[in-house]
Amino acid sequence: LPLLLEATLLWLASGSHHPFYNGFYYNHIMNDKGSGQEKVVYFNGARLVVETPKDPVYSSNGANVTLPCRYYYEPDMESKHKIRIKWSKLRDDYTKEQDVLVAIGKTYVAFGDFRGRAHLHQASRREASLVISDVRLQDDGKYRCEVIDGLEDESNVVDLQLQGIVFPYQPPRGQYQLNFHEAERACQEQGAILATFNQLFQAWSEGLDWCNAGWLADGTVQYPIRLPRKPCGGLHLAPGIRSYGPRHRHLHRFDAFCFSSALRGEVFYLDQLAGMTLEEAKQSCQDAGAEIARVGQLYSAWRFLGLDRCDAGWLADGSIRYPITKPRANCGPDEPGVRNFGFPSKGRFGVFCYKER
């Protein structure tokens, strides 16, 4: 037995055996230049290639979108196996987040929130494109297209970006009152979701400047600064995204940065000669076949539909706001934006309503 053990150890140390992975022998050979670099000899003699677009694919809330993906072989050949296609949604660091769809031939299964909304588009030979219908805010992100041919497995990534707007949000009780989970709910209640870092960065590049720190979808707390100033990190720091890094999701409290996309309906303004209380405002919207608008809906209408109204109105969270696309006298600052009067406990105003198309 000692001699057998010694012989086995000598054989392992010799390096003359083939490496062993997942129950299959993979054949590696040295190149002819003796540089120590290895090249893989593929099982079927051809290399499987998966292609996706390098540029992002853009869409909006409620739309249908196709994420292109195709595969081929170098040199060209016909596969001897049934091709398996798998789509997954990834985190920003490219780690797997959730299964979207798996298909073999014409048979496929979609998972989770993608059930009934995702299917393959295979209009041409060796196409593996993914179609997502009724796009939702949380669909924004990176997707992996994976093609499996027998023992070969190759993949590539598509970046789906929703056209939208990021807005800072504080609840009625004031600044820095939300833990991470409360921030998630606050954004959802306003027709939005917590923004990602990429969405906040895009908003900053388009001019967003906000000195209060807010939660992002990855559990970090950050804020965008265009004009450096003493209370916002200091005068001598360059413009950019200031970061507190990851915070405790239950214990720490900040504001929220929410993300909303294009609307499926319209926002309109109603008023009465004497104004309305919040409850009267809600009823007026219902009488018009609509509902009182949420903050995210007002921001989206301002950004994507050009809503411009120099009249303050109630929103669903009890705040008073109004949208200005063309700044003018008696309508607030010189820059376009959604003006905020806070959360008055009393008073009579108009109301912004939202109606689905």
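Which residue lies over the face of Phe304? In this predicted model, that place is taken by Arg303, at 5.7 Å from the ring centre. A second example involves Trp204, whose ring face has Arg226 over it at 5.4 Å from the ring centre.

Aromatic rings also meet one another, and a search of the whole structure finds 13 aromatic pairs. One of them is formed by Phe167 and Tyr299: the ring centres are 4.7 Å apart and the planes meet at 10 degrees, so this pair counts as stacked. Phe167 belongs to strand β16 and Tyr299 to helix α5, which puts the partners 132 residues apart and links distant parts of the chain. Both Phe167 and Tyr299 are buried.

The pair of Tyr176 and Phe254 is arranged in another way. Here the ring centres lie 5.6 Å apart with the planes at 70 degrees, so the pair is edge-to-face. Tyr176 sits in the loop between β16 and α2, and Phe254 in the loop between β20 and β21, so the contact ties together parts that are 78 residues apart in sequence. Tyr176 is partly exposed, with a relative accessible area of 27%, whereas Phe254 is buried at 9%. These two residues join Phe180, Trp215, Tyr223 and Tyr244 in one aromatic cluster.

Turning to pockets, the second largest has a volume of about 350 Å³. Its lining consists of 18 residues, and Asn61, Leu137, Gly191, Ala192 and Arg264 are the ones nearest the centre. Strands β21 and β27 and helix α5 each supply at least two lining residues. By type, the lining divides into six nonpolar, eight polar and four charged residues.

Key. Residues numbered from 1 in each chain as written. Predicted model: local features only at pLDDT ≥ 70, side-chain atom pairs only at ≥ 80, totals over all residues. Heavy atoms only, no water. 1 Å grid on protein atoms, 1.4 Å probe; cavity = no way out; pocket = protein on both sides within 12 Å on 5 of 7 lines; lining within 4 Å. Points joined across faces, edges and corners; volume = space filled by probe spheres on them. Helix = DSSP H or I, 4+ residues; strand = E, 2+ residues; numbered from the N terminus. Nonpolar A, V, L, I, M, F, W, Y, C, P; charged D, E, K, R; others polar. Phe/Tyr/Trp six-rings, centres within 6.5 Å; stacked < 30°, edge-to-face > 60°. Buried < 20%, exposed > 50% of the residue type's maximum accessible area, 1.4 Å probe, protein only. Lys NZ or Arg CZ within 6 Å of the ring centre and 35° of its normal.
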